[in-house]
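Reader: Before I rely on the terms used for this structure, I should like to see how each one is justified. Please set every value beside its definition.

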Amino acid sequence: MSILSVKDLDVRYGQFRAVRGVSFDIARGEILALVGANGAGKTTLLRALAGANPVYAGSVHLNGTDITQMPSHRRVAAGLALVPEGRRLFLDMTIEENLSLGRTAGRDGEWDIDRVLETFPNLVKRRHALTGTMSGGEQQATAIGRALMSNPDILILDEVSLGLSPLVVDQVYASLDGLLKTGTTIILVEQDLTRAMTVADRVICMLEGRVQLDSATTNTSRDAITDAYFGNSRRKEGLSA
Amino acid sequence: MINILLQSVLLGGYYALIACGLAFMFQVMKIINLAHGSLAVVSAYMVWSLAETTGVSPFLTLLAVIPVMGLAGWLLQRAMLERAVRGGDLLPVLTTFGLAIVLDNLMFQQFGANTRSLAPYVGDLSWEAFELPGNIYVGKLPVYILVSAIAIIGALDLMLKRTALGHQIRATAADPVTAGLVGINARRAAGIAAAIATMTVAVSGAALGLRGTFDAYAGSPQLLFAFEATIIGGTRSLWGVLAGAIVLAIAQSLGAQIHPQGFLLGGHLAFLVVLFLRLASHGRPWSLAGLISIVTPKGAAR
Amino acid sequence: MTIQRWTPLARTSFVIAALLLALLVVMPAFASVGAMQRLTVLFIYIIMAAMWNALAGYGGLVSIGNQLFFGLGAYLTIRVANAGIDPFAALLVAAVMVAAISWVLSQFMLHLRGGEFAIGMWVLASIAHLCVNLDPLIQGETGTSLISLNSYDMDLRRYYIYWAALSAMVVLLGLLFAVLRTPTGLAMQAIRDDEEAAESLGVNPMRNKRLFFVLAGFGTAIAGALWLAQVQSFQPKTYFSVQWTAYMIFMVLVGGLGRFEGAILGALIFFAVETWFADTGVWYLIGLGATAMLFSLFLPKGLWGAIASRSGVSVMPLGYRVRTLPDPGSPRDVTRSTE
């Protein structure tokens, strides 16, 4: 049984349809890369999965349970955690306090503060510092750690590299390396196609709210993804990618 | 002079008590509850009518009123404020103002125009005093009220800083959507915060009745005192509220020294002066608490 | 494609309004004294509602202290009349003085936001109340009255007050209307939604807010002065009571916040409610408060707002409409109002 099942999802802002008829299933342990230009609907989709955006039509099932109308905090308790775009840490609290808040849903598992600090060693000496005073890389690590503290079955990472220098992004992915190998189901948004194809088992490319391409990374190519990214395959005139 | 100062500090204790609920709601939920004063008067009436009908001491009836008011706060948040906040910053002001009018007039309808007091129910305590060196007397009740204010502010402050619930409330205040994404039940946290605020309001209502008299329309002046104490103290921390409350009381006493009608004016003018000073420093939140925090070592390290 | 401001409906309603106005002007000739007095009260209500709406609906400044202007307008009228000036002229002079005071107050009050501004105005009203109490002429809470009005013959006095109220209402509504039609006015409606965005368009929020603040001060002061002329007696406690703001809030919330027609509608409704229910004592006030609450929660746009949103109807030409005429034979009306 798939861990996450999305059917005909339609998410709107007023009259604007940000996500149109999106459907896909994710198997346990799969790593899915979500790719697409800004405004393609990636963040809206992920926030709808996490319960931050209301769903206009369609359904989302987690481990067989219908979570479409569930408020976000109950989805966390059900095993779905989102690392939101822009980190969204609680700036007037310390790293440790932010991490502890991640435990609120009360799920048991391997992830606790010590394990998070092991995974992101650059946080150790800043443990009691206010997150508002930290660098982007440290904030990103804290945000991921905070989501991990809820011991999710499926972890969603929205724009991990946003606003971070390439070196720092490398560091973050290095830390994530262990996580990626543990068999946690992961959805990640990544603008860097090379990295996405290296890290992920499967890639979905979105354009204007729709799924343009959904394929295992081994079955597709950079070119095919790029075409889907820009919607080239729809154009009548042939332009080489 | 010392006596005036001491009496002001004690009066400040009462102001701090009634202000801390308002400040808490504002800090935590970004709502200014214009029904705050009216809720205090509702509590005072509840404590009074229980004491009147059962003959039990107001201190004990207060214990019964506190949870009732807590529940009222919870309902207020879930049934009304949640909705109002979605309509923008201004709507909660209008909604709570409407509520204040409804409460004030319902109380008038129910209890009439007579002023009431809790003092008759505590016997000698209403006038007993501690004797201090130098032939100075401080009333026991005002001292107890000041002590309660300090205790409650201290407890709230500790709760917000050290407990999981406090962190959840702060997180919900800072960013309710992200709080939900992290697993916090934001609506529940907001409801609990509102309940805590109204429970402190219940205590301040009893203090109001014990210190003096109240009637159905006493809510508005209490609201203004609470508001002025909060603004003078700065909205950054709850301890600032205590400082602001004492400053307000001192200003009022000074005003009364200058002119027989000067009591209230003194407080209002102090409020305006603080406002001026704050705006003169270009909108940077200037407050007593801020000033103190700059001067103490821990503050300077920030 | 043309851009038009006046729809047929707006044109019609303006004609109707002009006719109504003419009727109102000659009303004293055949109306009873009681009817004239009630109409005067209605005009004052409309002024109060329109002014509070200007401040809150267009300026985004919710004030719980407009009784400041109301009371000061009445108080200064007494003071100025006491100095020997004709009472009707005193009305105007007092209002101008309050406008000046408003301008000074705006220098610091407008830096406050949201609830702080709301209660801050209430504090100012309390200060004014206390200061007015100190004036020996007023004799504390006992109050005094606009004695010099007695120099006018009773009937003539009523006509003058009626026409003063009517013309004040028309002028103030006209002023408001004129302001809202200018680029500034459109700007204010924009600011209402997003200050940063408005600023980036070159709109100066502070200057515009100040304009509405002073206008509201001036208009509400006139309302207070007119009320004084109507009832003649002045007790600080009555004129500086927060209940006036409660009435204004009720009128605007029920009628429609930020809508020109809404304030007028709200005043009419309040007037009707007051006529029927005022003698039920506190239940009347409880009803007002509860209604305001319910509207704020469930119908925040007020009655007019709800109607206008659904049907796109607008009686006042305050927005812009785009009409496209793709081919001469069949004009298609693509209405896109910016209200």
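Author: The following exchange takes up the salt bridges, the burial of residues and the chain interfaces in turn.

Author: This is a predicted model, in which local features need pLDDT of at least 70 and side-chain atom pairs count only at pLDDT 80 or more, whereas totals for chains, interfaces and linings use all residues. Residues are numbered from 1 along each chain as its sequence is written, chains are lettered from A and ligands numbered from 1 in the order in which they are written, and side-chain values use heavy atoms, with hydrogens and water left out.

Reader: What makes Asp135(C) and Arg79(C) a salt bridge?

Author: The term requires a side-chain nitrogen of Lys or Arg within 4 Å of a carboxyl oxygen of Asp or Glu. The N to O distance between the side chains of Asp135(C) and Arg79(C) is 2.8 Å, so the pair satisfies the definition. Asp135(C) lies in the loop between α5 (114–134) and β2 (144–145) of chain C and Arg79(C) in helix α3 (residues 67–82), so the bridge ties together parts 56 residues apart in sequence. Here helices (H or I, at least four residues) and strands (E, at least two) are DSSP runs, numbered from the N terminus.

Reader: Why is Asp135(C) called buried, and why is Arg79(C) called partly exposed?

Author: Buried means under 20% relative accessible area, exposed over 50%, and partly exposed in between (1.4 Å probe, protein chains only). Asp135(C) has 7% and therefore counts as buried. Arg79(C) has 32% and therefore counts as partly exposed.

Reader: How do you know that Glu82(B) and Arg78(B) form a salt bridge, and where do the two residues lie?

Author: Their side chains meet at 3.5 Å, N to O, so the cut-off is again met. Both residues belong to helix α3 of chain B, four residues apart, about one turn of the helix. Glu82(B) is buried because its relative accessibility is 16%, while Arg78(B), at 27%, is partly exposed.

Reader: What does the salt bridge between Glu96(A) and Arg127(A) tie together?

Author: The closest N and O atoms of Glu96(A) and Arg127(A) are 2.6 Å apart. Glu96(A) is in helix α3 (residues 95–101) of chain A and Arg127(A) is in the loop between α4 (113–119) and α5 (136–148), so the pair joins parts 31 residues apart in sequence. Glu96(A) is partly exposed, with a relative accessible area of 21%, and Arg127(A) is partly exposed at 25%. Also in chain A, Asp10(A), Arg12(A) and Arg17(A) are linked in a network of salt bridges. Over all chains, the search finds 17 salt bridges.

Reader: How many salt bridges cross the interface of chain B and chain A?

Author: The rule finds two. In one of them, the side chains of Arg88(A) and Asp175(B) meet at 3.1 Å, N to O. On the side of chain B that touches chain A, α6 and α7 (176–182) each supply at least two residues, and α7(B) gives the most, with six. Contact means heavy atoms within 4.5 Å, and by that rule 16 residues of chain B are in contact with 18 residues of chain A.

Reader: Which residues does Thr172(B) contact, leaving aside neighbours within four places in sequence, and why is Thr172(B) called buried?

Author: Thr172(B), in helix α6 (residues 164–174) of chain B, is in contact with Ala179(B), Ile184(B), Ala186(B) and Ala189(B). Its relative accessible area is 11%, and therefore Thr172(B) counts as buried.

Reader: What area do chain B and chain C bury between them?

Author: Buried area is the accessible area (1.4 Å probe) that two parts lose on being put together, summed over both. For chain B and chain C the value is about 3400 Å², 86% of it on carbon and sulfur atoms. In chain B, Leu90(B), Leu94(B) and Phe97(B) lose the most area to chain C, together 18% of what that side buries. Across this interface of chain B and chain C the rule finds zero salt bridges.

Reader: How do you know that chain A and chain C do not touch?

Author: Their nearest C-alpha atoms are 15 Å apart, and chain A and chain C have no contact. Among the two pairs of chains that touch, the most contacts are between chains B and C.
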